[in-house]
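Good morning, colleagues. May I ask you to look at the model on the screen while I take you through a few of its features.

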Amino acid sequence: MTTDPREVGSGSSPSASVRPVDDEISLWEVLAVLLRRRGTIALTTVLSVAAAAAFAFTRDDTFTSQASFRPQGSQASASELMALASQFGVNIPLGGNEQVSPAFYADLLGSREILFRVANKSYVVEGVVSVSLPDLLEIEEATEALRVEETIEALRNDIVSVQTGRETGIVTVAVQTAWPDLSEAIAARLLDEIALFNLDTRQSQAAAERVFIEERVDSARHALDAGETAMQAFLQANRQWENSPDLTFQHDRLQRDISLRQQVYTTLVQSFEQARISEVRDTPVITVLQAPFLPPGPDDRGLLLVLVLGVALGGMAGVVLAFVVEAVKRPAPGDPAREDFRRTWAGLVGSLSFTRRRSA
């Protein structure tokens, strides 16, 4: 007996009448969900924009003062040291001076040593004299040391920001606080601390160089005196040395030795005088391109950016919420996981409603 192909699948078996669930999601289904839940998306977006606008309008005003400077290289001292070392047959490679690089000053402005001095200084704000920075920032800790540490962290993370120009080598410092005069004062204090650090470092280095060169000057003087003494003894013992080839050769050798020692001694004396001058020199090694200024007004609240972010985040949250609501209220047939989730969600909502009715 032949079976009619048209009768296949029309039997009483339930599995034959159930179509397999398609795992792929059609673009039209997604658009349909967005259209059906457009109210949910719009409401979520409006609420997000309102929250963003409220945040932008209710936050406190801030004032930013900026200062910029450019480090000055110190290649002269390096060249002098190379010339001095070459007199003794020592070759020093010429490398970059990391101490005067913009990245060095960026790290220095965020170091604890600099920020500690800034945090321990009193400032004049709105006509009030000698107010400490922890008191201005309303930092409450058990001990004064902890208050200072919290102030340093606030300076490093929230108040002071540093930018460096890779091509120009310019370092820009921005200070943002709730008071315009405090922002200006902190920026000026940071520049002062940088200048003091440079001065102390350079003078300490010059002092160490002076001590080293002074020892070399004494050694070179003794060597020169020994060469001159040898020449004097030669001349006293050989009054007619010009007529003897051997004596002439000895005389020329002694003369060359004296000349070389004289050159070394002269170079060392010059370097010693330069080190003595550098040890007491107080000229700055940074060029201030823009001094700290009093901010003319509060910073821009960035309302447009905040609203754009509110629209973007609210829209994304609305889309996610729309699909969640659609999945709960309109489960796909034949999907046990969605059915189980819908029943669990309905039970949770029902228990919450019952609890509210009972408490009322």
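Let me begin with a definition: a salt bridge here is a side-chain nitrogen of Lys or Arg within 4 Å of a carboxyl oxygen of Asp or Glu. Please keep in mind that what you see is a predicted model.

By that criterion, the structure holds 11 salt bridges. I shall discuss some of them, starting with Arg 147. Its partner is Asp 135, and the closest N and O atoms of this salt bridge are 2.5 Å apart. Because Arg 147 belongs to helix H8 and Asp 135 to helix H7, the pair ties together parts that are 12 residues apart in sequence. How accessible are the two partners, Arg 147 and Asp 135? Arg 147 has a relative accessibility of 13% and therefore counts as buried. Asp 135, with a relative accessible area of 42%, is partly exposed.

That brings us to helix H8 itself, which comprises residues 144–159. Which residues of H8 are buried? They are Arg 147, Val 148, Thr 151, Ile 152, Ala 154, Leu 155 and Ile 159. These residues are on the same side of H8, because they cover an arc of only 160 degrees around the axis. Ala 145 and Asn 157 are exposed, and they are found on the other side of the helix. As a general reminder, an α-helix has 3.6 residues a turn, so residues three or four places apart point the same way.

Glu 150 is also part of H8. Its relative accessible area is 38%, so Glu 150 is partly exposed. Together with Glu 138, Glu 140 and Glu 141, Glu 150 forms a negative patch on the surface.

Glu 138 deserves a remark of its own. Where is Glu 138 placed? Its place is in the loop between helix H7, residues 133–136, and H8. With a relative accessible area of 66%, Glu 138 is exposed. Its backbone is also worth inspecting: phi of Glu 138 is near 55 degrees, a positive value in a residue other than glycine. For context, most residues other than glycine have a negative phi.

I now turn to helix H9, which covers residues 180–237. Arg 189 and Glu 193 form a salt bridge in which the closest N and O atoms are 2.8 Å apart. The two residues are 4 residues apart in helix H9, and therefore about one helical turn separates them. What is the relative accessible area of each partner, Arg 189 and Glu 193? For Arg 189 the value is 22%, so this residue is partly exposed. For Glu 193 the value is 2%, so this residue is buried. The pair also belongs to a network of salt bridges that links Glu 113, Arg 117, Arg 189 and Glu 193.

Further along H9 there is another pair. The side chains of Asp 218 and Arg 221 meet in a salt bridge, at 3.0 Å from N to O. Both residues lie in H9, 3 residues apart, or about one turn of the helix. Asp 218 is partly exposed, with a relative accessible area of 33%, and Arg 221 is likewise partly exposed, at 32% relative accessibility.

Helix H9 also contains Leu 191. At 9% relative accessibility, Leu 191 counts as buried. In the chain, Leu 191 and Ser 68 are 123 residues apart, while their C-alpha atoms are separated by 9.1 Å.

A second pair of this kind involves Leu 254, in helix H10, residues 245–280. Leu 254 and Gln 232 are 22 residues apart in sequence, and 10.0 Å apart in space from C-alpha to C-alpha. With a relative accessible area of 22%, Leu 254 is partly exposed.

Lastly, let us consider helix H11. This helix spans residues 303–329 and includes Leu 309. At 46% relative accessibility, Leu 309 counts as partly exposed. Which residues join Leu 309 in a nonpolar patch on the surface? They are Leu 305, Leu 313 and Met 316, and the four residues together have about 430 Å² of accessible area.

To close, I would return to the pair with which I began: the salt bridge between Arg 147 and Asp 135, in which H8 contributes the arginine and H7 the aspartate. Thank you for your attention.

Key:
Residues are numbered from 1 along each chain as its sequence is written. This is a predicted model: local features need pLDDT of at least 70, side-chain atom pairs count only at pLDDT 80 or more; totals for chains, interfaces and linings use all residues. Side-chain values use heavy atoms; hydrogens and water are left out. Patches are made of residues with over 30% relative accessible area and no salt bridge: like charges are joined within 9 Å, nonpolar side chains (Val, Leu, Ile, Met, Phe, Trp, Tyr) within 5 Å. Accessible areas come from the Shrake-Rupley method with a 1.4 Å probe; for residues, only the protein chains shown count as cover. Buried means under 20% relative accessible area, exposed over 50%, partly exposed in between (1.4 Å probe, protein chains only). Lys and Arg count as positive and Asp and Glu as negative; His and the chain ends are not counted. The place of a charge is taken as NZ of Lys, CZ of Arg, CG of Asp or CD of Glu. The arc is that of the directions from the helix axis to the C-beta atoms.
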